[in-house]
Amino acid sequence: MRSKKHVTISNEILRSKQEVEIANFLYLNNIDYSYEPLYPYNIQFSRKPYTPDFIISQEGRIAYIEHFGLSESGRNDRYSPDQIEAYKKAIRHKIEIHKQHGTTLIYTYSSYNDGRLITEHLKEQLERNGFILRPRSNQEVVEKLVSDEESRYIRRLVDLICRFITNFKTNAYTLTDFSRMSTSTKNVRTKLFLDICQECFLVYQKYLKENNAVDFQDMINDSVRLLKEVKEMKQKLDFKYIIVDEYQDISRQRFDLTKELATVTDAKIIAVGDDWQSIYAFSGSDITLFTEFIEKMGYGKLLKIVKTYRNAQEVIDIAGGFIQRNTAQIRKALESPKHISDPVIIYTYDPTLKTQNMDNRSGVNYAIAHAVEVALEQIVTYNRIEGKGPISSILILGRYGFDGKRLELSGLFEYINRGGKIRSVKYPKLDITFMTVHSSKGLGYDNVIVVNGRNETYGFPSKIEDDPVLKLVTKVDKSIEYAEERRLFYVAMTRTKNRVYFIAPEQNPSEFLLEIKHEYKNVVLRGNWDEDSKQPFFRKNCPICGYPLQRRYKNAYGLRLYICTNEPEICGFISNNLTGDKMSIQKCDKCIDGYLIVRKGDVNSVPFLGCTNYSRNGKGCNNIMKKQVYYSIYGLKDDNEYAPVNAPRQNPPKNKANRPATHQPSTTNVSTATGEKGIYSGYSNGASKLDHNNIAAGDMMSIVGIILQCVIEISEKHFFGTEVVLNVLRGSACQQVKKYKLNGSVTYGKLAGIERESLRTIIDWLIQNKFLYKREGKYPVLHITYSGNHYKEIMTSALLKNLNKTLYGIMQA
C-alpha cells in the first residue's frame with residue numbers, strides 16, 4: 001500500500017491517480033473496460049499507434065474514454081502557455097479522430113467548473129450514452145481481491161486494515177467514527193476502504209466478545225470507560241502521584257487514561273520523557289500531547305534534565321543543534337563532562353551498481369561493507385591511541401532491517417546467530433551488533449556506525465509515504481519537513497558513548513548528513529561527495545521532459561516499457577530500453593504492424609531503432625533508424641556523447657588520500673598452501689569413496705585447503721552454493737560452471753577422485769566449524785570466513801580427528 005504505483009482494484013498499474021479513480025468506478029459499476037487499447041483504425045501520418053485511455057463495453061455497446069489533464073476551463077499550473085496550447089490541440093485532434101471513424105468518445109477533465117467530482121460527470125456521460133450502472137456489492141469486491149492469487153494486493157489490504165483498526169482503537173475512536181470519516185471525504189477509494197474496514201472491525205469485535213478475549217487497545221479503552229463510571233459515582237481512588245515513563249510516545253487513548261485517572265484520584269501527574277526522541281507516530285503516538293502538556297492538562301511545571309553522561313559534549317552539541325532546527329521541539333542545552341575529538345566521521349563509498357562482468361569486490365553492497373570495515377579499523381586505532389583497549393561494543397545501525405542483510409551479501413560480514421550479532425571476517429574478535437534505529441532506542445554502545453546515509457526512498461530520512469487512509473488515524477507532525485525522521489536521526493547519533501560513524505554514497509548523500517557537515521566544522525568527511533544532488537541517482541526520469549518514468553507492460557506493443565508519466569498530449573516518450581536516450585518507439589514506416597524499438601548490435605555499439613518484425617533469416621522487416629537520423633528528424637540535441645555501458649569512470653574523486661583504502665585481497669595461508677606443486681596428487685584419478693583410515697593429517701589439511709581455495713577463487717566473480725563448489729572440485733561441466741567459466745579455476749577437477757558425498761560432508765563440517773559461512777535465505781551461498789582465511793593457524797590435530805570421525809560416521813550410515 002505504500003507503493004507509489006497507481007494500482008486499480010483489478011490490480012492494473014495505470015498512469016495516474018485519476019485514471020485509477022475512473023477504472024475503479026467502471027469496475028464497481030459493472031462496466032467492462034480495457035486500459036490503453038490499440039485503436040482499430042490507422043491514423044495517417046501518425047508516428048505512434050493511437051491508444052485511448054479506456055475502451056468500455058456493455059451488452060454490445062462500445063465507447064472510448066479519454067481523461068485529460070486539464071481543467072474544464074483549460075488550465076493546469078504544471079504547464080506553460082505553449083504546452084497548454086499544444087495540449088488543447090491534441091484534445092481537438094483526438095475528438096476529430098473519433099468523429100471521422102464514427103466511434104463514441106467520452107472524455108473527462110481533471111477538474112470541473114461546478115466543483116463536482118470526475119466520477120459524477122463520468123456517470124452522467126455514461127448514462128447519456130446508454131450505459132447502465134449496476135453497483136457491485138462489497139462482498140463481490142472482496143472476493144475479487146481474494147481470488148487474484150497472483151496479486152499481493154489482498155495481503156497488503158489485510159495489513160492495511162489491521163494497522164488502521166489498531167490505530168483506530170489507539171485513538172479511542174468508536175463505531176460512529178467510521179461514518180464521520182466517510183462523510184468528511186469525497187474520495188471514492190477512501191469511502192470504499194472505510195466500508196470494508198468497518199465490516200472487518202465489527203467481525204473482529206464480535207470475535208473478541210465470543211471468545212471472552214480482549215486486545216491491548218481495548219484494555220486501555222475499557223479502563224478509561226470504567227474510570228468515567230467511577231467519576232460519575234463521585235468516588236475517589238487513593239493515589240497521590242501518577243508517574244508516566246517514556247511520555248513522549250504517548251497516544252491519545254493513554255493520555256485519556258492518564259487524565260481520567262488523575263481526575264478520580266486528585267493525583268499529581270509526573271510525565272517523564274524526551275520529546276527529541278518521539279519516534280512512534282506510526283503506531284499512534286502524538287508528540288503534541290507532550291510538547292503541549294500544560295495546555296492540554298490545564299496546569300503543569302516543566303523541569304528539564306540537561307546533564308548527560310553517555311555522550312561527549314561535542315556529539316551532543318551536534319545532535320542537539322540538529323534536532324532544535326525544528327522550533328516546535330522543547331528548547332534545552334545539554335551538558336556533558338566528557339569531551340572527544342572528531343565526534344562524527346563520515347565515510348563515503350562509490351555507489352556504482354554492479355554489472356554482470358564485475359567481480360564480487362565491486363558493487364554497492366561490497367562498497368558499503370568495505371566502508372564499514374574501514375570504520376572498524378578506525379575504531380580500533382582510536383581505542384589504541386586513547387588507551388581504551390582493543391575490545392569495545394560496536395553498534396551498527398540501519399534505517400531498515402535489510403541494511404544489515406546488505407552487509408552479509410558482501411561476504412565481508414556474517415551473522416553469528418539469528419539475533420543481531422554479526423562478525424567481521426577481517427576483525428572477528430570485535431563485539432558487533434546490528435539493529436534498526438527504532439530498536440536501539442534506550443541503548444548505549446561504545447561506538448556507533450550508521451550504514452544508511454542515502455538520499456532515496458529507502459534512505460535516511462525515509463521518504464516512503466504511508467497510504468493516505470492512514471492519515472485518518474495517524475498524527476502527522478508537519479512542524480518541519482521529515483520531523484519524525486529528524487528525531488530518529490537524533491536517536492541514532494546519541495546511542496554512542498564515543499564517536500558516531502556514518503556511511504554515505506558519493507552521489508546523493510543524506511540531506512541530514514549534508515546539513516550537519518555544513519553546520520559543524522568538527523564533522524569529518526573521509527572521502528568526497530556531490531552536494532548538488534537532489535534526486536535519488538537510481539530514479540529514472542524522462543529524457544525529454546524530466547517527468548518520472550513508469551515501468552509497466554503495455555498491451556498495444558506487447559512489451560514491458562518505460563512510459564513518461566507526463567500527460568501524453570504533452571510528452572509521449574515511450575521506450576523499451578533507456579540506453580536509447582531520447583529515442584522513442586515509432587510505428588514502422590516499412591511494414592504494417594511493426595514498431596521501431598531500441599536495439600543494440602553488441603555491448604559497445606551505439607543504440608538504434610529496429611523493427612519488431614526483424615528476422616535473422618532476412619524474411620522479416622529489416623527497417624532501422626540510426627540515432628543521428630532520429631535526432632535530426634525531431635530536432636533533438638544529443639546532450640551526451642554515447643559511452644559504452646562498461647566504460648570506466650572518467651572523474652575519480654580528487655582527494656584520494658582521505659578515501660577509505662581500497663580493499664586488496666591479501667595472500668592468505670589458503671592460497672599459499674594450495675599453490676604448492678604436487679599438493680593435489682592422489683585425488684584426481686578415478687572417483688572412489690574416501691577411506692578415512694588412509695588419510696594422514698597432512699593430506700586432510702591439503703583437501704581442506706583445496707576446498708577453501710576453491711570458494712575464494714570462484715567467489716571473485718559471483719557467490720555460489722555448495723553444489724557449484726562440488727561441481728568445480730570434481731570437474732563437472734554443469735551449466736553454471738560453463739556460464740561463469742569456472743573451469744578456469746586452479747582447483748577445477750583437483751578432487752575428482754573423491755566421492756561427491758564425502759566432499760559434501762567435509763564442506764558441511766567446515767561450515768559447522770566456522771571455516772565457511774553459509775548464508776541463509778533463498779540463495780544459500782558460501783562465503784570464506786576469517787577462520788577459513790587463516791585455517792593453517794586455527795586448524796588443530798584435534799579438529800582434523802573430529803573431521804575424520806565425522807566423515808567415517810557418515811560413510812558408515
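Select Arg486 and Phe322 to begin: Arg486 lies over the face of Phe322, at 4.3 Å from the ring centre. Keep in mind as you click around that this is a predicted model. Now try Arg136 and Tyr27. Here the charged end of Arg136 sits over the ring of Tyr27, 4.0 Å from its centre.

**Zoom out for a moment**

Show the whole chain as a cartoon. You are looking at 26 helices and 25 strands. The protein chain has 813 residues, and buried ones make up 47% of them. If you turn on the surface, its accessible area comes to about 41500 Å², with 50% belonging to carbon and sulfur atoms. Take the contacts in the chain with a separation of 6 or more: 68% of them are between residues 24 or more positions apart.

**Ring meets ring**

Next, colour the aromatic residues. The structure holds 33 aromatic pairs. Pick out Tyr247 and Phe293. How are these two rings arranged? Their centres are 5.6 Å apart and their planes stand at 80 degrees, so the pair is edge-to-face. Now look at where each partner comes from: Tyr247 is in the loop between strand E7 and helix H9, while Phe293 is in helix H11, and the two are 46 residues apart. Are they buried or exposed? Tyr247 is buried, with a relative accessible area of 1%, and Phe293 is buried too, at 16%.

For a bigger group selection, highlight Phe164, Phe168, Tyr173, Phe178, Phe193 and Phe201, which form one aromatic cluster.

**Opposite charges**

Time for salt bridges; the count comes to 41. Start with Asp274 and Lys332, whose side chains meet at 3.4 Å, N to O. Asp274 lies in the loop between strand E8 and helix H10, and Lys332 in the loop between helix H12 and strand E9, so the pair ties together parts that are 58 residues apart in sequence. Both Asp274 and Lys332 are buried.

Move on to Glu386 and Arg499, which meet in a salt bridge at 2.5 Å, N to O. This pair links distant parts of the chain: Glu386 is in the loop between helix H13 and strand E10, and Arg499 is in the loop between helix H16 and strand E15, 113 residues apart. Which of the two counts as buried? Arg499 does, at 1% relative accessibility, whereas Glu386 counts as partly exposed at 32%.

Then select Arg454 and Asp403, a salt bridge at 3.5 Å, N to O. Arg454 sits in the loop between E14 and H16 and Asp403 in helix H14, 51 residues apart. Both are buried. Before leaving the charges, select Asp114, Arg116, Glu120 and Glu124 together: they are linked in a network of salt bridges.

**Out on the surface**

Switch the surface back on and find Tyr241, Ile243, Ile270 and Val272. Together they make a nonpolar surface patch of about 370 Å². Click on Ile243, which is found in strand E7. At 62% relative accessibility, Ile243 counts as exposed.

Last stop: Gly442, in the loop between helix H15 and strand E14. Gly442 is exposed, with a relative accessible area of 54%. What does Gly442 touch, not counting residues up to four places away in sequence? The answer is Arg310 and Arg495. Finally, draw a distance from Gly442 to Gln277: they are 165 residues apart in sequence and 9.6 Å apart in space, C-alpha to C-alpha.

Definitions and conventions. Residues numbered from 1 in each chain as written. Predicted model: local features only at pLDDT ≥ 70, side-chain atom pairs only at ≥ 80, totals over all residues. Heavy atoms only, no water. Phe/Tyr/Trp six-rings, centres within 6.5 Å; stacked < 30°, edge-to-face > 60°. Helix = DSSP H or I, 4+ residues; strand = E, 2+ residues; numbered from the N terminus. Buried < 20%, exposed > 50% of the residue type's maximum accessible area, 1.4 Å probe, protein only. Lys NZ or Arg CZ within 6 Å of the ring centre and 35° of its normal. Contact = heavy atoms within 4.5 Å. Areas by Shrake-Rupley, 256 points an atom, 1.4 Å probe, with all protein chains shown as cover. Patch = residues over 30% accessible without salt bridge, like charges linked within 9 Å, V, L, I, M, F, W, Y side chains within 5 Å. Salt bridge = Lys/Arg side-chain N within 4 Å of Asp/Glu carboxyl O.
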